[in-house]
Structure formats: structure tokens, C-alpha cells
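Open the structure in your viewer and keep the sequence panel beside it. This tour says what to select at each stop and what is there.

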Amino acid sequence: MTTLTQTKPKKRIRLRPQLGGRDAEQKKGQEVASTPAKPEADHSGQGLGPADEDVVLRVEHLSKSFGDVRVLDDVSFELRRGEFFTLLGSSGCGKTTTLRIISGLEAPDSGAVYVNGEDVTALPPNKRELNTVFQSYALFPSMNVYQNVAYGLKIRHVAKGQIEREVKRALELVRLSDYGDRKPSELSGGQRQRAAIARAIVLKPNVLLLDEPLGALDLKLRKQMQLELKRMQREIGITFVYVTHDQEEALSMSDRIGVLRNGRFEQVGTPEEVYQAPQTEYVADFIGDTNLLEAKVVADEGAGLYRVRFPHGEAGARALEGTSFSPGDSVVVSVRPEHIRYTQQVVDEKNTAFQGEVRSSQFLGSYYKAVIELDGGKRLHANNSLVEQNLNAGTRVWVSWPGHDAVIVGGAR
Ligand SMILES: Nc1ncnc2c1ncn2[C@@H]1O[C@H](COP(=O)(O)OP(=O)(O)OP(=O)(O)O)[C@@H](O)[C@H]1O
Ligand SMILES: [Mg+2]
């Protein structure tokens, strides 16, 4: 039976353990997520491989349980200097726990953390050259912004003149140069957040860990701060490990994203990779909107393209690299709303999978956002950017998509 679902609300969908043809050895989450530039790291977990100047943070096989509950299960990744890496996942998936272990506030049950090639797993937080900005950013309330930012340098006995220069620079970076005299209580939420970031970056940590730093801000300020944070990160070249459960934020800011689910990586990749080539049904569903459709493979057309059959029609779909299918296999196909075409006439006979009726169509400036009820009752979400083609509720339509834009993300449920 064909099942259509949309991403929200986020659901937990059980994937079959393996896709047809997937290399059985390549267990998700157990490989070290290498930086694209330096793929030949030592993945053995037996220690660091050849010294790699470019790798600033390396997390190896972290596992952690609280009581009987395993909250991290073999998490590994490594970050290039200056990289913006985001840990993305729903509430409770282990994001904060990962950051706390990296920062030294929590000890892992097993696994190791390396900073600049040095094993810091047994070191206390203040010996790690890392800095953390937590969601509840605690500024000292009795100190003004300048004093808050200067504090870390002061206790490191940095010379007064240098402290002045460094604090001035940090406040410029966060655009708070005129706010040095203000107390935290005299700042807006966004300004307080920026003061907290200045306080962290002034210490020039190798890596800055940020745990949902924009979580408390309203949407407008949040968008603005996303741009500011990204700008700052580029300007100062610090490596960021950024935690969020907001997929849009992750897609727009990150160099790479690690999608965590139940303490394991589902996929690590660039925003384009996780969006356009989700390796699992969960990732397809979690990252952005998508339509998930059950289908049967009818033919292998070569070069990773397949014909797949739905109850009322056939269409093309592409397999991800490293996966292959055979005629008769049950699969789940992901089609993004922006790839769905719905038209009154058949425009692409080869890829027309369904017939249905427009249920609603909402004008959103540059496109229409529509819900289409397919014959059989399932609903499909589609974005129509061809403004002249607005089709109102009640219009009968054919549904198709360019075959290579649909992705086979898993075996059927
Ligand atoms: N000190 C602790 N004792 C017991 N359980 C804990 C502890 N810290 C975290 N957990 C549990 O571990 C799991 C992962 O927690 P974690 O804080 O890492 O999640 P998260 O991904 O940061 O979630 P959120 O998005 O809600 O902040 C949760 O189920 C949480 O309840
Ligand atoms: Mg958290």
C-alpha cells in the first residue's frame, strides 16, 4: 500500500536494518566521520593515526549510559580547523551529553577526545583549550559587559594593555563596542547572548562548543544572530561545534552536519548531502519537508536510476551511492515538495505516478504551497513555483517529478 507522510510532526520511523546491496560492513555511525579534505584517518579507535595538522578536534567511539539507558552509542567524528560542525537531532538524542563529554564536564564510559592531537579525555575542563557557550548563558550580573568579557583573561594574568585590546576586538566582533559599560540586566536577550559569545571567543579557544545558543531568542533575532554568528566564526576562524534541533538553522549555518538519533549518527555530511542525499528514511524525514512513499521496484535502468511502481502509476527514482535494488524490492521513496509537479495535463508520461485533487493552495510570495489528496486518500505536499500555474482547491491534477529528484531512502516498513 502506498503511504504518504510529511515530515512534521517528527516521527520515529523504524528502518529495516539494511538496504538491498548495502555493504553489510558499513554500519552507520560506527565509521569515523572524516573531514572531507583528509579522509585517510586512523579509524581503528586504537589512538591517533598519523599527525594531522588540520584536525583540531577528534572524538572517537564515545559511549555513555545513565543507569540502564545508553544515551551515546559509539559516536565518532573529527573536525578540521575553522570548520562549523553542527550536531542536529531531536530532544534527548544526546547532543548536550556529547558537548559535555568534549568539554570535560562529563566522563564517557568509553571512547576518547583529542584536541590538536592530544588525548584530553582525562583532563579537567580548564585544561582543554575549549570553551562552551551554554543555552543558559550565565554572565556575572554584578559586572558590566567589559568586565565579563575581560574576566577570563584577568584570571590568566594577561597584561592589562593586552586585555584592553583583546576585549575591544571581541566586543567589535559581536557588535557590542558601545555596550561595555552596561550590566547584563540592561541588555536585551540577543545582546546578552552576544556578550556571552564575546566572553568565550576572547580566550581564543581551539574549539567553541555552543549548545543551542540561540534557543531563547525570538525568531527575528534568531535569524539575525545566525548570520552574525556565522560571520564571526568565519572572521576569527575558530572551530565551532554547534548544537541545535532546528534543521533550518543547521542547513543554513554549517559546513557539515551530524544527524544524531538515539545517541548514534544517522548521517554526517554537508548540508547539501543530508538534504539532497539522505542516507536513511529518518534523515529524509527530519531534514526539511519531504514526502515518503512506499513503492515497488520494477526495473533497474542503470546508473543508479530505477523505475518504481506506485498503485496508480510509475516513476523514476534514484538510489544513493552504495545501494542497489532488484525488481520486486519494496522501497521507500523520498520526494521533496519542490520537486513535485502537479498539472492538469500529463506533462511527463514516463514519470507520472499519481492522480489526485488539490486540497489547498497557499500563496507564499514566490511559490504556492499546496496539499494534494491522491486517489486513495493519501496526502502529498507540493511547492509550485510556477506562479501562473496556480491550481485552486478542487482541481484534478496529475502528479509527477523528474526521476532523478526522487531518492530511494530505504526498504519498506
Ligand atoms: N545526568 C543525567 N542523568 C540521567 N540521565 C541523563 C543525564 N543527562 C542526560 N540524561 C538523559 O540522556 C539523554 C540525552 O540527554 P541530552 O541532554 O544529551 O539530550 P539533548 O539531545 O541535548 O536534548 P535537548 O534537545 O532536549 O537538549 C536524555 O534522555 C536525558 O534525559
Ligand atoms: Mg540539550
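## Stop 1: a pair of helices

Helix α2 passes α4 in a right-handed crossing. This is a predicted model. Select residues 145-155 for α2 and residues 189-201 for α4. Their axes come within 7 Å and cross at roughly 25°. Angles under 35 degrees count as roughly parallel, so α2 is roughly parallel to α4.

Now show the side chains at the contact. On the α2 side, pick Val 145, Asn 148, Val 149 and Gly 152. They meet Ala 195, Ala 198 and Arg 199 in α4. By class, the contact of α2 with α4 has four nonpolar, two polar and one charged residues.

## Stop 2: α4 again, with another partner

Keep α4 selected. Add helix α5, residues 219-236. At what angle do α4 and α5 pack? The angle is about 15°, and the axes are 11 Å apart. That makes α4 roughly parallel to α5. The crossing of α4 past α5 is right-handed.

From α4, select Gly 189, Gly 190, Gln 193 and Ile 201. Facing them in α5 are Leu 221, Met 225 and Ile 236. How many charged residues does the contact of α4 with α5 have? It has no charged residues, with four nonpolar and three polar.

## Stop 3: the shell around ligand 1

Move to ligand 1. Select the residues around it: Phe 66, Val 71, Gly 89, Ser 91, Gly 92, Cys 93, Gly 94, Lys 95, Thr 96, Thr 97 and His 245. Colour them by class. The shell has three nonpolar, seven polar and one charged residues.

Which helix gives the largest share of this shell? Helix α1, residues 95-103, does, with three residues.

## Stop 4: from α1 to a four-stranded sheet

Stay with α1 and look at the strands it crosses. The helix lies across β1 (55-66), β2 and β4. Against β1, α1 runs at about 120°.

These strands lead to the next selection. An open sheet of four strands has the order β2-β1-β4-β5, and its pairing is antiparallel. Which strands stand at the edges? They are β2 (69-80) and β5 (118-119). Each has a single partner strand, so one side of each is left without a neighbour in the sheet.

Zoom in on β4, residues 110-115. Two bridges join β4 to β5, and the two strands run antiparallel. Pick Val 115: it stands opposite Glu 118 in β5.

## Stop 5: a six-stranded sheet

Next, select the open sheet with the order β6-β7-β8-β3-β9-β10. This sheet has six strands and mixed pairing. The edges are β6 (130-133) and β10 (264-269). Both have a single partner strand, so one side of each lacks a neighbour in the sheet. Turn the view to follow the twist. From one strand to the next, the twist averages 15°.

Go to β9, residues 256-261. Five bridges join β9 to β10, and these strands run antiparallel. Select Ile 257 and look across to Gly 269 in β10, which stands opposite.

## Stop 6: β19 and two partners

Finish at strand β19, residues 396-400. Add β15, residues 341-343. Three bridges join β15 to β19, running antiparallel. What is the bridge partner of Tyr 342 in β19? The partner is Val 399.

Then add β16, residues 352-363. Five bridges join β16 to β19, and they too run antiparallel. For a last pair, select Gln 355, which stands opposite Trp 398 in β19.

How values were computed. Residues numbered from 1 in each chain as written. Chains lettered and ligands numbered in written order. Predicted model: local features only at pLDDT ≥ 70, side-chain atom pairs only at ≥ 80, totals over all residues. Axes fitted to C-alpha atoms, helices over the stretch in contact; angles between N-to-C directions. Parallel < 35°, antiparallel > 145°, perpendicular 65-115°, else oblique. Left-handed = near helix turned anticlockwise from the far one by under 90°. Contact = placed C-beta atoms within 7 Å. Nonpolar A, V, L, I, M, F, W, Y, C, P; charged D, E, K, R; others polar. Near = placed C-beta within 6 Å. Pairing = 2+ DSSP bridges.
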